[in-house]
Amino acid sequence: MSSFSVRFLAPQALPYASSSSRPKTWVPASAPTTAPATSVEVDAGRLEPRVEERGGCFVLKEKFRQGINPQEKVKIEKDPLKLFMEGGIHELARMSLEEIDNSKATKDDIDVRLKWLGLFHRRKQQYGRFMMRLKLPNGVTTSAQTRYLASVIRKYGKDGCADVTTRQNWQIRGVVLPDVPDILKGLEEVGLTSLQSGMDNVRNPVGNPLAGIDPEEIVDTRPYTNLLSQFITANSRGNPTVSNLPRKWNVCVVGSHDLYEHPHINDLSYMPATKDGRFGFNLLVGGFFSAKRCEEAIPLDAWVSADDVIPVCKAVLEAFRDLGFRGNRQKTRMMWLIDELGIEVFRSEVAKRMPQKELERASSEDLVQKQWERRDYLGVHPQKQEGYSYVGIHIPVGRVQADDMDELARLADTYGSGELRLTVEQNIIIPNVENSKIEALLKEPQLKNRFTPQPSILMKGLVACTGNQFCGQAIIETKARALKVTEDVERLVSVTRPVRMHWTGCPNTCGQVQVADIGFMGCMARDENGKPCEGADIFIGGRIGSDSHLGEVYKKAVPCKNLVPVVADILVEHFGAVRREREEVED
């Protein structure tokens with residue numbers, strides 16, 4: 001491999017031998033694997049790195065500090081990762097909120113720098129309380145980890161809960177600062193970390209939620225997502241070489257024809273491909289969502305062997321870190337840099353940061369089948385391991401309480417191998433269930449009621465961000481409203497094919513409304529009397545998979561109280577739904 005020293009933590013052993021399953025026939029997947037040539041003139045001075053190493057951290061050079069955004073200034077004043085690596089969190093945890101707010105330095109600590117530890121102060125919604133985001137590569141977690149997280153949120157009563165996120169991850173809520181040192185210690189004891197999961201860092205590495213158990217998988221993504229997470233956080237010790245990025249950065253490794261990993265909306269996506277008999281990955285770069293711009297990833301025209309997954313990740317991150325714009329935060333994602341340099345210059349900057357100073361051109365031997373009907377992972381499905389199945393269960397809009405988490409852990413232990421898989425659609429998979437135990441599992445009260453494996457068609461595709469219950473940026477409440485609107489719509493129309501509906505509380509689009517069949521983005525609207533009220537911009541036409549496409553605005557500023565009939569009309573006109581009164585007449 002490369003010269004990197006990365007300890008690989010193997011996935012938990014299963015109680016059986018796995019059978020190999022390589023698909024028999026591959027057809028090329030998408031689109032052009034070669035990016036169109038772009039002629040962009042780039043001055044040599046523009047390629048000078050804007051950061052330099054000082055004391056183990058990378059700091060913005062003095063001459064590049066004009067016009068930088070406020071967050072960059074906070075990072076210059078004190079490297080945020082030092083709160084963890086030098087133990088500053090312990091001193092901060094002993095201070096009262098009044099003391100903290102009396103000093104700009106400590107106020108910046110809790111409002112900005114603690115995000116490097118995965119802690120987000122809810123100053124507007126829950127003053128003094130924090131959301132904690134974890135690192136959960138590939139969405140794989142254990143019953144012990146789940147029970148520990150349940151024990152953390154239980155003590156916070158009504159303020160404590162947890163969410164499955166759109167990056168196969170856990171976020172827990174209600175955390176108070178004095179508890180943080182003990183929580184961090186507890187996370188380490190169960191093999192978890194929250195380090196480098198927020199702000200200008202690499203977010204949770206996403207992989208195939210069926211990795212290692214899917215009879216149709218291309219490659220088991222768990223080794224790669226584990227390695228990526230271990231590199232990014234230096235095995236949970238903190239990695240300052242990649243913690244001062246211009247903006248957040250998303251990565252995924254594709255292992256399925258179904259593209260459960262959503263590669264087209266990541267900054268770096270590894271797309272399985274062979275080349276001259278070697279297994280590796282073609283690379284997509286630059287996909288992102290933001291309030292002002294959303295773009296799909298584009299081909300880098302590069303292929304790397306499986307051994308170079310970490311070196312190329314490091315090279316792309318260093319190019320972004322060294323050259324990325326640090327002014328207006330709306331223009332600091334990596335695609336803006338790619339636009340400025342042109343894809344070929346950006347590619348050359350990545351290549352020169354590789355150990356061998358070069359990158360192979362993309363392979364034409366894509367392994368993802370383009371003509372592939374995306375499978376539903378909810379319900380009971382056979383694994384590649386004979387005699388075992390996985391059971392996908394629906395977690396309504398991803399929200400769980402402490403008792404729910406304990407119950408999920410019990411189900412994983414009783415019927416599976418003590419493992420749970422989180423998905424980007426905010427659901428959970430229980431893998432490794434012996435077929436002889438399936439009937440008993442399906443009779444469990446939780447699966448017959450709240451966490452059913454067979455939700456209604458509209459419910460199974462429902463995704464919602466946090467909303468203004470906890471998020472200070474959200475304009476509207478999302479989770480409860482998403483459930484209520486969906487329930488009401490289901491009373492009006494009958495839907496016969498899957499329709500994915502996503503809700504996001506603000507233009508930052510954490511709920512990823514642009515990839516949904518129907519998306520709802522929170523905004524302020526006006527009611528029939530002209531008075532301001534909560535509303536939503538409605539998007540339609542988003543697609544995922546090999547023919548991915550970002551949805552577009554269908555109708556702006558619809559008052560939330562008027563959404564139900566509008567959605568029913570959309571389902572009838574665009575998705576083949578039938579109004580229930582007509583259905584009854586025909587019956």
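Which residue in β17 does Asp-163 stand opposite? In this predicted model, the residue across from Asp-163 is Arg-399, and the strands around this pair offer a way into the rest of the structure. Strand β6, which covers residues 161-164, is joined to β17 by two bridges, and the two strands run antiparallel.

Both strands belong to an open sheet of five strands, which follow one another in the order β3-β4-β7-β6-β17 with antiparallel pairing. The edges of this sheet are formed by β3 (119-121) and β17 (399-400), and because each of these has a single partner strand, one side of each is left without a neighbour in the sheet.

Seen as a whole, the protein has a secondary structure of 18 helices and 26 strands. Its radius of gyration is 24 Å, close to the 25 Å that the globule rule gives for 587 residues, and the protein is therefore as compact as a globular protein of that length. Along the principal axes, the C-alpha trace spans about 75 × 65 × 50 Å.

Turning to the interior and the contacts, 61% of the 587 residues are buried, where buried stands for a relative accessible area under 20%. Among contacts with a separation of 6 or more, 69% are made by residues 24 or more positions apart.

At the surface, the accessible area of the protein amounts to about 23,200 Å², and carbon and sulfur atoms contribute 50% of it. As for charge, the protein carries 78 positive and 78 negative charges, and the mean positions of these two sets lie 4 Å apart.

Key. Residues numbered from 1 in each chain as written. Predicted model: local features only at pLDDT ≥ 70, side-chain atom pairs only at ≥ 80, totals over all residues. Heavy atoms only, no water. Pairing = 2+ DSSP bridges. Helix = DSSP H or I, 4+ residues; strand = E, 2+ residues; numbered from the N terminus. Rg over C-alpha atoms; globule rule 2.2 N^0.38 Å. Buried < 20%, exposed > 50% of the residue type's maximum accessible area, 1.4 Å probe, protein only. Contact = heavy atoms within 4.5 Å. Areas by Shrake-Rupley, 256 points an atom, 1.4 Å probe, with all protein chains shown as cover. Lys, Arg positive; Asp, Glu negative; His and termini not counted. Charge placed at Lys NZ, Arg CZ, Asp CG, Glu CD.
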